[in-house]
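User: Please take a close look at a single part of this structure, the second largest pocket, and set it in the context of the whole chain.

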Amino acid sequence: MNSKPLFWNLKGFLFLVGAMNTFVVSYFPLYFKHVGLTTSEIGMLLALGTFVGLFGQPFWGLLSDKYKTVKRIMNVVILGSVLGLVWIFQLSQIGWIFVAGSFFYLFYNALFPLSENLTKRIADQNDVSFGSIRSWAAVGFALVSLVSGFLFAKIGIQYLAFPMIFLGIMTFLLSLRLTDAKTGTKKMDFKQMGTFFKNPTLLLFFFLLSFISITHRTNDSFISLYLFDIGGDETLVGWLWFMAVASEAIMFFTATLWFRPEKPIHYIILAGFLYMGRWIVIGFISNPFQLIMIQALHGVCYAIFFMGAIEYLYKRLPIEMQATGHMVFMLIVYGVTGIIGSFAGGFIFDAFGGATLYFIMAALTFIGTAGLVYFNGRRVPVTEMASE
């Protein structure tokens, strides 16, 4: 079944989405540092982009559920992202960079949740492992990370615009060939959605997840700068992210071997402990090559955390709410935490250094993991989750 054009188009699309995300996550901070922004200003820009996503992500998710199409909404957000990139790379003044960056992130922040929602639906409808298809985004991220590290070491980060815009155009063209997923036959009930996401047990679950995800998002924003601080360069940035996302690709691809959907919260707790150990080790690292090696834990932590969290959520969402539900999940668990992590992380990094930032991240992870152990001990049944 994986050999059908349906899956190959989707895998190719996810590969390009992951490749494009390489530049946004790994090289945007370095580019803006080249333009002249300080670490604090870069953190503010990333936080502003995430803040814009707080409005953009649920908006695109609601449109997707309302018009019962994920594909067409994705076409729009990719096109808007490309236009935002063209605008950003014309600018050098911080005020206009913030404006253009907000426009870009309004669209771009919805791309990954929408693509994951489409993948999850198609995988479930065809009885195929979600992780095995989702792994292609990680493959794209990993391979482009490695190649781009050598590329920018040779030509300089100032030429970031050309590969980013090219990949954006290619992603848009391939998105036109995707097959839309089937949606529920019931009309989406906005009141039901509002009631569901006011559920105190679900909100507690999101709140506890956020203590862990804030550290993940902070690491995404600042690890490239931390690598430079301890003696790395553009080539090592490529290896840093290759190591991280290659492990992510392997974990997602082999998800059928290690993931069991019956008790997803156990996986989240395990990921929390792994994250905590990872941040402590990074805080003591002063050699860029050691940092690259420890990045192998990136994929292990993220895949276990994400698979557990998304399975937990989808078990509790009716199909006609899943695009919006996925967006709200990403907004709360990754969006709000991204703002806090980028904004506060930039100031902590500037004032106290990268090592202190990672030790603080370890403490936050411990709080979230301990809370999830307590949450799991409550043994809240699915029926209570749906009716509270």
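Analyst: In this predicted model, F259 is buried, because its relative accessible area is 9% and the cut-off for buried is under 20%. Y267 has a relative accessible area of 15%, so Y267 is buried as well. The two residues form one of the 39 aromatic pairs in the structure. The ring centres of F259 and Y267 are 4.7 Å apart and the planes meet at 45 degrees, so this pair is classed as tilted.

F259 also leads to the pocket in question. Together with V128, S129, F130 and E311, F259 lies nearest the centre of the second largest pocket. The lining of this pocket consists of 14 residues, and the space within amounts to about 250 Å³. By class, 7 of the lining residues are nonpolar, 3 are polar and 4 are charged. Which helices supply at least two residues each of the lining? They are α5 (111–125), α6 (130–155), α11 (255–258) and α14 (296–314). Of these, α5 gives the largest share, with 3 residues.

The next residue to consider is E248, which belongs to helix α10 (residues 234–253). Is E248 buried or exposed? With a relative accessible area of 7%, E248 is buried, because the value falls under 20%. Beyond its neighbours within four places in sequence, E248 is in contact with R134, A138, H298, G299 and Y302.

The pocket may be set beside the enclosed space in the model. Rolling a probe the size of a water molecule over the atoms shows where empty space is left. The structure holds 1 cavity of 30 Å³ or more. The largest cavity has about 680 Å³ of space, and 31 residues line it, with N21, V25, F112, R217 and D220 closest to its centre. The lining of the largest cavity is made up of 16 nonpolar, 10 polar and 5 charged residues.

Another residue that repays attention is F32, in helix α1 (residues 5–35). F32 has a relative accessible area of 3%, so F32 is buried. Setting aside residues up to four places away in sequence, F32 touches L37, I42, L45, I88 and I97. F32 also belongs to an aromatic cluster, which it forms with F28, Y31, F89, F104, Y105 and Y108. Although F32 and Q158 are 126 residues apart in sequence, their C-alpha atoms are 9.3 Å apart in space.

These details belong to a chain with 17 helices and 0 strands. Of its 388 residues, 61% count as buried. Among the contacts between residues at least 6 apart in sequence, 86% join residues at least 24 apart.

Finally, how far the model may be trusted should be considered. The chain averages a pLDDT of 85, and 90% of the residues score at least 70. Among the elements, helix α12 (residues 264–284) has the highest mean pLDDT, 95, and helix α17 (residues 382–387) the lowest, 45. Over residues 381–388 the pLDDT stays under 50, and the model has 14 contacts beyond four places in sequence for this stretch. Where pLDDT is low, the predicted coordinates should not be read in detail.

How values were computed. Residues are numbered from 1 along each chain as its sequence is written. This is a predicted model: local features need pLDDT of at least 70, side-chain atom pairs count only at pLDDT 80 or more; totals for chains, interfaces and linings use all residues. Side-chain values use heavy atoms; hydrogens and water are left out. On a 1 Å grid over the protein atoms alone, a cavity is a set of points where a 1.4 Å probe fits but cannot get out, and a pocket is an open set with protein on both sides within 12 Å along at least five of seven lines; lining residues have an atom within 4 Å of a point. Grid points are joined across faces, edges and corners, and a volume is the space filled by probe spheres set on the points. Helices (H or I, at least four residues) and strands (E, at least two) are DSSP runs, numbered from the N terminus. Ala, Val, Leu, Ile, Met, Phe, Trp, Tyr, Cys and Pro count as nonpolar, Asp, Glu, Lys and Arg as charged, and the others, Gly among them, as polar. Buried means under 20% relative accessible area, exposed over 50%, partly exposed in between (1.4 Å probe, protein chains only). Contact means heavy atoms within 4.5 Å. pLDDT is the predictor's confidence in each residue, from 0 to 100. Rings of Phe, Tyr and Trp (its six-membered ring) pair if their centres lie within 6.5 Å; planes under 30 degrees apart count as stacked, over 60 as edge-to-face and the rest as tilted.
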